[in-house]
Amino acid sequence: MLRVRNDRGLDLSAYKQPFIMRRLRSRFRALDICKLDEYCMVLRRNPAEYEKLIEALAINVTEFFRDPSLFELLSSKVIKELCRSKTKPGTKHLRFLCAGGASGEEAYSIAIALCETLGSQIDDYTISIHSVDIDDDCIIKTKAGKYTAERVRNVPIELLEKYFTQEEGDLYSVKPVLRKMVRTYHMDILTARIPKHFDVIFCRNLLIYFSKEAHSELFMKFHSAIAIDGFLILGRTETLIGATKGMFEVFDAKERVYRKVTMSIRSHAPAIV
Ligand SMILES: C[S@@+](CC[C@H](N)C(=O)[O-])C[C@H]1O[C@@H](n2cnc3c(N)ncnc32)[C@H](O)[C@@H]1O
């Protein structure tokens, strides 16, 4: 673990032990080895194995409009709430972060929800949706913005026709109106300094791989990265734990949508420096 952290800055101690062992065993099988020290030797001799290890750790399962009722809530309440607080000149920025955004489906679904909700008012806003991931293959796929018919199966037909161009074969390419909102880059959210002033952080279906200690640290980082009145959105099976519960209030329990609590509205909120 120490070797991986020193060589690649990847802190495996934050991942759950059984998860790491399962993923390592899949590499052992592929390399026909059975011991950890043999694997360390492979890493030393062949640095390209690090990419394979990251690939094995990164379970990239995702889809457009994953948990459709969350996206309904995003359109019917969250985006509208945010816009209500941005009436003054110079405040019309909307910044979203998809932590562990995989191949971009989540970020482009948010972009579609914004277009549909804001309509022609969208031109009044500067919008950026940052889709970050530890897996460079995901960054390449998000940048390309091309998806097979199978991958766009959840996109309602009228939205598919409006926001995608069908290319040769069964490929659908996102239109520039979505592409210009989405930025994507490599980030290990466990070790990186997360930029600030995000209105919404999506961190869905990623915490399940991390230890409880890593959860607490991440929630503290998210709290300081989220703007006043901003939101944190977790996956369906994920929840806030321990002391971090006081940093956010529940906005919608079923959809795992939380709102940042700041000192000005709750005196008992923890101070984040
Ligand atoms: C199961 S996918 C979730 C994708 C999307 N958020 C969703 O809910 O559909 C988890 C993603 O987290 C990424 N990931 C795992 N560890 C990470 C880390 N430390 N920093 C950033 N991304 C990470 C994986 O590469 C993978 O693409």
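These questions and answers go through the helices, sheets and ligand shell of a predicted model.

Me: How many residues surround the ligand, and which are the closest?
Reply: The shell around the ligand can be divided by class into 10 nonpolar, six polar and six charged residues. The closest of the surrounding residues are A58, T62, G100, A102 and R204, and the number that surround the ligand is 22.

Me: Which strand lies between the other two in the sheet of three strands?
Reply: This sheet is open and its pairing is antiparallel. β3 (146-148) and β4 (164-166) stand at the edges with a single partner strand each, so one side of each has no neighbour in the sheet. From one strand to the next, the twist averages 30 degrees. The order is β3-β5-β4, and the strand in the middle is β5.

Me: How many bridges join β4 to β5?
Reply: Strand β5 covers residues 171-174 and runs antiparallel to β4. F164 has V174 as its bridge partner in β5, and T165 stands opposite S173 in β5. The number of bridges that join β4 to β5 is three.

Me: Which residue in β5 stands opposite Y147?
Reply: β3 and β5 pair over three bridges in the antiparallel sense. On the β5 side, the residue opposite Y147 is Y172.

Me: Which residue takes a positive phi in the hairpin of β4 and β5?
Reply: Four residues lie between the two strands of this hairpin. The phi in question is near 75 degrees, and the residue that takes it is G169.

Me: Which strands form the edges of the sheet of seven strands?
Reply: This open sheet has mixed pairing and the order β6-β2-β1-β7-β8-β10-β9. Its twist averages 20 degrees from one strand to the next. An edge strand here pairs on one side only, and the two edge strands are β6 (182-186) and β9 (248-252).

Me: Do β1 and β7 pair in the parallel or the antiparallel sense?
Reply: Strand β1 spans residues 93-99 and strand β7 spans residues 198-203. L97 stands opposite I201 in β7. The two strands pair over three bridges, and the sense is parallel.

Me: Which residue in β10 stands opposite E249?
Reply: β9 pairs with strand β10 (residues 257-260) in the antiparallel sense, over four bridges. In β10, the residue that stands opposite E249 is R259.

Me: Which residue in the turn between β9 and β10 has a positive phi?
Reply: β9 and β10 form a hairpin, with four residues between them. The positive phi is about 60 degrees, and the residue in the turn that has it is R256.

Me: Why are α2 and α4 oblique to each other?
Reply: Helix α2 covers residues 17-31 and helix α4 covers residues 49-57. Their axes come within 9 Å of each other. Angles over 145 degrees count as roughly antiparallel and those from 65 to 115 as roughly perpendicular. α2 and α4 are therefore oblique, with a crossing angle of roughly 135 degrees.

Me: Which residues in α4 do R23, S26 and R27 in α2 meet?
Reply: α2 passes α4 in a right-handed crossing. By class, the contact has three nonpolar, one polar and three charged residues. The residues in α4 that R23, S26 and R27 meet are K52, L53, A56 and L57.

Me: At roughly what angle do the axes of α5 and α6 cross, and how is the pair described?
Reply: The axes of helix α5 (residues 68-84) and helix α6 (residues 105-118) come within 10 Å and cross at roughly 50 degrees. Roughly parallel applies under 35 degrees and roughly perpendicular from 65 to 115. The pair is therefore described as oblique.

Me: How many residues of the contact of α5 with α6 are charged?
Reply: α5 passes α6 in a right-handed crossing. F71, L74, S75 and I79 in α5 meet S109, A113, L114, E116 and T117 in α6. Five residues of this contact are nonpolar and three are polar, and the number of charged residues is one.

Key. Residues are numbered from 1 along each chain as its sequence is written. This is a predicted model: local features need pLDDT of at least 70, side-chain atom pairs count only at pLDDT 80 or more; totals for chains, interfaces and linings use all residues. A residue is near a molecule or strand if its C-beta atom, placed from the backbone, lies within 6 Å of it. Ala, Val, Leu, Ile, Met, Phe, Trp, Tyr, Cys and Pro count as nonpolar, Asp, Glu, Lys and Arg as charged, and the others, Gly among them, as polar. Axes are lines fitted to C-alpha atoms, for helices over the stretch in contact, and angles run from 0 to 180 degrees between N-to-C directions. A crossing is left-handed if the near helix is turned anticlockwise from the far one by less than a right angle, and right-handed if clockwise. Two residues are in contact if their C-beta atoms, placed from the backbone, lie within 7 Å. Two strands pair if DSSP finds at least two bridges between them.
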